[in-house]
Amino acid sequence: MHPESSSRIRTSGARDRLGRDVSFAEDAWSDVVTTPRTHWTRTISTSPRNWGLRIFPETRVDAIEQAADGGYNLVAFRSTAMVHRERQLWRAPIVVLAAGVLGTVDLLLRARENGSVPNLSSAIGRRVRTNSEAIVGATSRRGNVDFTDGVAITSGIYPDEVTHIQPVRYPRGSDLIGLLSKPLTDGGPGLPRPLRFLINCIRRPDDFVRSIVPFSWARRSILLLVMQVADNHLELILRRRWYWPFSYRLDSRNRAPREARNPSYIPVANDMARRVAKKIGGWPSSSINEVLFDIPSTAHILGGAAIGNDPEDAVCDDRNRVFGHPNLYVVDGSAVPVNLGVNPALTITALAEHAMSHVPAKSASLETPAAAAGGGAN
Ligand SMILES: Cc1cc2nc3c(=O)[nH]c(=O)nc-3n(C[C@H](O)[C@H](O)[C@H](O)COP(=O)(O)OP(=O)(O)OC[C@H]3O[C@@H](n4cnc5c(N)ncnc54)[C@H](O)[C@@H]3O)c2cc1C
């Protein structure tokens, strides 16, 4: 907390989601922000008096708005509070969005819908990737096995040109997550997948019971993380959900032709799960959402604010700057334009280092949108 400064408070013209006016202290890049109701104050890291990094935990950014001077206003609140959420307004000349796909795409879509950040690309939310992923596995029926000892992921195989499969172990005692594993069920044409799942459960009731009582599941199981470089995607949009029609929420839709959609069934994945199950004397498994709802699962969501050549089909340039906004960056998985077919954290880190290496030193003057449009990217 920063002591109440002698700065004059002025209204920013910005409003939070509840329509309340939010004010600034009148400094260069305002080092104190305050809401009129609470007169809550805080130092922010862009203050000339405080160039060091500060982290404000449990703070969720709710909206972003371009200010008249080219900087950005961010409306935030305490994410863990049910009441007294302490709405805050932050102001910065340069903003780096790093809220992950679901956070960043949500913020950008809202900013485009309500016009608070002008000229945002129509490509926001498009080409969201699951890394073309499936999570299958196998659980041994033997009581004396223990696969928990060792590093979680140690190796991988490439059964065909586009597919990469990694065996994954869980730590001992992490059994509850085994509830997500259900008897392996193929997809594809013919019977609906949930019906096939039901038939599988009736045929092998012992495996089904093991899947709902996952006692010692981690010790007996090997998961297979299946990832592909195939070019498939879905779209994130804002819409009112039937169970909460009062506000717009992030949702997905899939208007691409079937072959360009994220797969919920990858035959080579199921084949590999059956082979592993045979080797360890166990039963093969699929993820519950795949067999019950035919919905793909992923730990590696990517895209939605992708890097590309122009704002017609991408959101950022090759320095992760939002097109038309040289001081607004997207530095997280949403900037990744393809299914990587591999765990993405290192790629996201490399892109972040690349983007940050082009940010001017603090003494350099900020780039204007006109200068950025004229200057080529490296
Ligand atoms: C179970 C699991 C295991 C994984 N294992 C691996 C692995 O072994 N190797 C690998 O490479 N990858 C792995 N991944 C994937 C990897 O964790 C992600 O790809 C990566 O963390 C994505 O980075 P990001 O910066 O896009 O987003 P995140 O790391 O998700 O960071 C986004 C952050 O922003 C915060 N946030 C969201 N919205 C807002 C908002 N509105 N305001 C403020 N803050 C906000 C979130 O709370 C979060 O802290 C795994 C993922 C999962 C789920």
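## The five-stranded sheet

In this predicted model, five strands make an open sheet in the order β10-β12-β9-β15-β11, and the pairing is antiparallel. Its edges are β10 (163-168) and β11 (181-183), each of which pairs on one side only. From one strand to the next, the twist averages 30°.

Strand β11 pairs with β15 (residues 282-287) in the antiparallel sense. Three bridges hold that pairing. Lys182 stands opposite Ser286 of β15. Helix α5 (residues 267-280) packs on the sheet. This helix touches β9 (134-140), β10, β12 (221-228) and β15. The direction of α5 makes about 15° with that of β9.

## The β4-β5 hairpin

Strands β4 and β5 form a hairpin, with five residues between them. Gly70 sits in the turn and has a positive phi of about 95°. The two strands run antiparallel and are joined by seven bridges. β5 covers residues 72-78. One of the facing pairs is Ile64 with Leu74, the latter in β5.

## Around the ligand

The ligand has 17 residues around it. Which of them come nearest? They are Gly100, Gly103, Gly333, Asn343 and Ala345.

Three elements each supply at least two residues of this shell: β4 (59-66), α1 (100-113) and α7 (345-357). Strand β4 is thus named here and in the hairpin with β5. By character, the shell divides into ten nonpolar, five polar and two charged residues.

## The nonpolar cores

The largest nonpolar core has 39 residues. Inside it, the residues with the most contacts are Ala305, Val315, Cys316, Val330 and Ala335. At least two residues come from each of β5, β6 (88-92), β7 (95-97), α1, β18 (325-330) and α7. Helix α1 gives the most, with six residues. Both α1 and α7 also supply residues of the ligand shell.

What does Val330 touch, leaving aside residues up to four places away in sequence? Its contacts are Leu97, Thr104, Ala305, Val315, Cys316, Asn320, Val322 and Ala335. Among these, Ala305, Val315, Cys316 and Ala335 are also listed with the most contacts inside the core.

Another core lies apart from this one. It has 20 residues, including Phe147, Met227, Ala269 and Trp283. Three of the named residues can be placed by their numbers: Met227 falls in β12 and Ala269 in α5, while Trp283 falls in β15.

Methods. Residues numbered from 1 in each chain as written. Predicted model: local features only at pLDDT ≥ 70, side-chain atom pairs only at ≥ 80, totals over all residues. Pairing = 2+ DSSP bridges. Helix = DSSP H or I, 4+ residues; strand = E, 2+ residues; numbered from the N terminus. Axes fitted to C-alpha atoms, helices over the stretch in contact; angles between N-to-C directions. Contact = placed C-beta atoms within 7 Å. Near = placed C-beta within 6 Å. Nonpolar A, V, L, I, M, F, W, Y, C, P; charged D, E, K, R; others polar. Core = buried A, V, L, I, M, F, W, Y, C linked by C-beta atoms within 7 Å. Buried ≥ 20, exposed ≤ 12 C-beta atoms within 10 Å, placed from the backbone.
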